[in-house]
Amino acid sequence: MLNSSLQQLGSALRAKKISSVELTQLYLDRIAALNPALNAYITTHAETSLAQARAADARLSGGTAQALTGIPIAQKDIFCAKGWRTTCGSKMLENFVAPYDAHVIGQFNSAGAVNLGKTNMDEFAMGSSNETSYFGAVKNPWDQNAVPGGSSGGSACAVAARLCAAATGTDTGGSIRQPAALCGISGLKPTYGTVSRYGMIAFASSLDQAGPMARSAEDLALLLNTMAGFDERDSTSLQRDKEDYARDLSKPLTGLRIGLPKEFFAEGLSSDVGKAVETAIAEYKKLGASIVEISLPNSKLSVPVYYVLAPAEASSNLSRFDGVRYGYRAPDYTDLADMYEKSRAQGFGAEVKRRIMIGTYVLSHGYYDAYYLQAQKIRRLIAQDFTDAFKQCDIIIGPTSPSTAFKLGEKGDDPVQMYLSDIYTIAVNLAGLPGMSIPCGFGAANMPVGLQIIGNYFAEAHMLNAAHQYQLATDWHVRTPNGI
Amino acid sequence: MQWEIVIGLEVHAQLSTSSKIFSGASTAFGAEPNTQADAVSIALPGVLPVLNKGAVERAIKFGLAVGAHIAPHSVFARKNYFYPDLPKGYQISQFDLPVVGQGALTIQVEPLSGNAKPYEKVVRITRAHLEEDAGKSLHGDFHGMTGIDLNRAGTPLLEIVSEPDMCSAAEAVAYAKALHSLVRWIGICDGNMQEGSFRCDVNVSVRKTGAPLGTRREIKNLNSFKFMQQAIDYEVQWQIGTLENGGKIQQATILFNPDTGTTHAMRSKEDAHDYRYFPDPDLLPLDITPAMLEQVRATLPELPQARRERYTSEYALSAYDANSLTASREMADFFEAVLAEMSPSPQSSPASGRGGERENQSSTSAKMCANWLIGEVSAQLNRDGLEMTQCPITPQQLGGMLQRIADSTISNAGAKDVFRAMWSEGGDADAIIEAKGLKQVSDSGAIEALVDEIIAANADKVTEYRSGKDKLFGFFVGLAMKASKGKANPAQLNEILKRKLSG
């Protein structure tokens, strides 16, 4: 049951081979047993989950079930879910119970899915290792001394450790793809505007995008069908016809043109990751794809551009956490300014404060043109690189992350080293393109390697097709960590 | 050397949408604190702004009314600062790309000094942009604490910025009044200054004639024209006094205290915020298509300036009358409705009634109508504390009465009785005239008989009159009026008396 696809689970539920309550209880028991070590979940609430499961069972009996009805899904703790504590990995929101549902939560609720709990994450999604969470680091199920990646590290860990059937994540600079790669699962960041950001706590609004995390491309397609769609509550949500992301899964890859950006295979890529990716490329050739070398000349600027723009937006987005209306307020203060200073100093962790400082700086009078405006210009050049590249190829393939999962604490003192962990993923967010990561082998110390697939705008179905065909031909995605 | 005063205004007009600029919460005034604060108003984590189209339409309407360029592409920006009644820690506003560009407003200035004549002036409008209002901090309600009411947070505002084109308190007040009238005229703002729907910030500086602009101080949040004038007068004197005593003006934000009539600094430039403006990534740029522009243009009423010109050219009204009648759209509409009542024939409608006797007729009616509206009606409204829209007399009623003055059925004195009765009890003019017996005697036979009787009964006075004591004419008029119980048509009576007395 734990290794069934969502499609199989759905069929089993509809055929009454298992009830949603039984399935939910199965996962709750696993969470109770494994989560103390892995720390993938910040909050679970068995009663609420089981109540949803009972409602799903009624729906399954009533014949009104949809594809995901009764299936237990883990939700990244960045999504507001009515009645659920929603912390965003921060002390600032340690006791914040959301009074409303995010669009994504609402979509899963109407599909009849079960909310299994809220997964751990880097504080306010700022981090690539899940070590910045106020609720403690998440462990990588393949090696509990290694990081799971971040910021959606809790979701990636939960999927890899079979602590949920599937999960949600959000991706601002790689926060779905990088942890998916490091935990050996599949994750997709859709085209910006595909999934409504309503109710998703903002980090960098122009980059944030929610997406699914699961064990296979096929599962991702099913989840994305539920998550995507126009939402008038998000002005950046795209008004497009509803599509079936699974429609192209079984198409053969004959004639597929795959672009390999030479910049992604240069210095900085560890050899074990490089080797796994090369093997995957060979597999694609076998499946009928042709390979073109492309260039993304400005992609080397994506990390510095990102670390101007994302903190700029974050510095403003996080201003609402001021201790006035909700969230953490310092117990002792002398006046208004002191209350602000102490509440924010005590409520935010070091990485969040660092980014607020950077963001405040780059937006300041006299620096705005040199940093923020300049970064916006380069952002357009980076997007243009992709537009040019997609004239030569259908999808772009490369490594998701330059290395496999690093050890806990290894990069804690060096933020720049940490930031470079997202060097291949960030450009995709800056361009607003869809990107995904699927397992493509194992590197040193038997840690999983992720293959990144980048598509043109709205090419999700196409990318999922390429991923699914690869997963039909390989078994990396069904491998399970020892002891799981 | 003379001191020259330089004034520019920033006006915040609250747009009359029923919901907020970025959420569906109500904008109604006076609700219990925080009952109109939805998730967006409170700035809960994860909420997003969605632009209210009604606010955009109103901004466009304003831009068209002042002949401004409407930006086909404008951008919402975040103005970042911390304050407890600013829930997001930033205000969504427009910064370098506002929706309304340069325009102009023609104002009628009535100088405050006795002898100077009223004049017209064009004030340039720099820009107008959309933004959201903040909430309110309630400092007095809780001991040792500050209450926050977020009902007002997110209310749509149009900030209208003028060029520093005004050079006296009178001009500044005239501009503010003209703007106030205009926003109400085009229906984008209720103009209620007590409730804060129309708030003025006034930038004041002084300089020696011909010198470069002086340093300005900004008087914040003036919510009455009277205070505006007092504040400017005080501030100008203070600045001149300071400079003449060798002092310097520091740029500052200041408040006016109506109780003392003085201004005092709130913060100086040194503690000015760095607002860190940047485009709001939660909102798309505001693109206004030509079609949308035309759609809004079609809803634009005839503007006050156009009506003023029509009233002076078509009805030969004085500039003063035309101004007074166009002080509000309600007044102007009322005027035109009364006029329509007085000239029921379609040929005499303003559009076709050109030249000759008809125009004279219509301009006579217009003048009479203007006099009554600016005089009796306005005075009575003032006395009863009513708005034009609450006037107990309908244009049909008033028109009917004026018609009876025009056709000599009643005298002006009689009309005032009719008017008072109409105001307090209602009813149409003819019924009141009948009931009160106010109909003038215009039957020349009856008046002649009456005059004959008086001449016969006062032979001595008649002799005196005829021997040159002209002043006695009034004595005879008085007797005749008394005998007619005040109903004799005065013009007719004069004519007959004069003829008969001269023998």
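# Worked exercises on a two-chain model

A:Ser364 counts as buried, with a relative accessibility of 14%. That residue opens the exercises below, which are all about a predicted model.

## Exercise 1: A serine at the meeting of two chains

Find where A:Ser364 sits and which residues it touches, leaving out those up to four places away in sequence.

Step 1. Begin with the chain itself: A:Ser364 lies in the loop that runs between helix 11 (350–363) and helix 12 (369–389) of chain A.

Step 2. Apply the cut-off. Buried means under 20% relative accessible area, so A:Ser364, at 14%, is buried.

Step 3. Now look for its contacts. With residues up to four places away in sequence left out, A:Ser364 touches B:Asp274 and B:Arg276.

Step 4. Widen the view to the whole contact, to which chain B gives 28 residues and chain A gives 38 residues. The two chains bury about 2,700 Å² between them, with 59% of it on carbon and sulfur atoms. In chain B, B:Pro45, B:Phe82 and B:Arg276 lose the most area to chain A, together 23% of what that side buries. B:Arg276 is thus a residue to mark twice: it touches A:Ser364, and it is among those in chain B that lose the most area to chain A.

## Exercise 2: Two domains and the pocket they share

Describe how domain 1 and domain 2 of chain B meet, and then say what lines the second largest pocket.

Step 1. Mark the domains. Chain B is divided into domain 1 (3–284), domain 2 (304–436) and domain 3 (444–501).

Step 2. Take the separation: 37 Å lies between the C-alpha centres of domain 1 and domain 2 of chain B.

Step 3. Turn to the contact. Here 7 residues of domain 1 of chain B meet 12 residues of domain 2 of chain B, and the area buried between these domains is about 810 Å², 51% of it from carbon and sulfur atoms. On the side of domain 1, B:Gln108, B:Arg184 and B:Trp185 lose the most area to domain 2, together 71% of what that side buries.

Step 4. Move on to the second largest pocket, which holds about 1,700 Å³ of space. Its lining has 50 residues, and B:Lys177, B:Ser181, B:Asn323, B:Thr326 and B:Ala327 lie nearest its centre. Domain 1 and domain 2 of chain B each supply at least three residues of this lining.

Step 5. Name the biggest contributor: helix 3 of chain B gives the most to the lining, with 9 residues. By class, the lining has 26 nonpolar, 15 polar and 9 charged residues.

## Exercise 3: A cysteine beyond helix 3

Is B:Cys189 buried or exposed, and which residues does it touch?

Step 1. Locate B:Cys189 in the loop between helix 3 (169–185) and strand 10 (198–208) of chain B.

Step 2. Check the accessibility. B:Cys189 is buried, since its relative accessible area is 4% and the cut-off is under 20%.

Step 3. List the contacts. Not counting residues up to four places away in sequence, B:Cys189 touches B:Ala13, B:Gln14, B:Ser16, B:Val183, B:Arg184 and B:Ser197.

Step 4. Pick out B:Ser16. B:Ser16 and B:Cys189 are 173 residues apart along the chain, yet their C-alpha atoms are separated by 4.8 Å.

## Exercise 4: Backbone angles worth a second look

Which peptide bond is cis, and what is special about the phi of B:Ala43 and A:Asn446?

Step 1. Recall the general pattern: most residues other than glycine have a negative phi, and most peptide bonds are trans.

Step 2. Find the cis bond. A:Gly150 and A:Ser151 are joined by a cis peptide bond, with omega about 10°. A:Ser151 is in the loop between strand 3 (114–119) and helix 5 (153–160) of chain A.

Step 3. Look at B:Ala43. Its phi is positive, about 60°, although B:Ala43 is not a glycine. B:Ala43 lies in the loop between helix 1 (39–42) and helix 2 (53–65) of chain B, and at 0% relative accessibility it is buried.

Step 4. Finish with A:Asn446, another residue other than glycine with a positive phi, near 60°. A:Asn446 belongs to the loop between strand 10 (435–442) and strand 11 (448–455) of chain A.

Terms used:
Residues numbered from 1 in each chain as written. Chains lettered and ligands numbered in written order. Predicted model: local features only at pLDDT ≥ 70, side-chain atom pairs only at ≥ 80, totals over all residues. Heavy atoms only, no water. Helix = DSSP H or I, 4+ residues; strand = E, 2+ residues; numbered from the N terminus. Buried < 20%, exposed > 50% of the residue type's maximum accessible area, 1.4 Å probe, protein only. Contact = heavy atoms within 4.5 Å. Domains from an automatic or database assignment. Buried area = accessible area lost by both parts, 1.4 Å probe. 1 Å grid on protein atoms, 1.4 Å probe; cavity = no way out; pocket = protein on both sides within 12 Å on 5 of 7 lines; lining within 4 Å. Points joined across faces, edges and corners; volume = space filled by probe spheres on them. Nonpolar A, V, L, I, M, F, W, Y, C, P; charged D, E, K, R; others polar.
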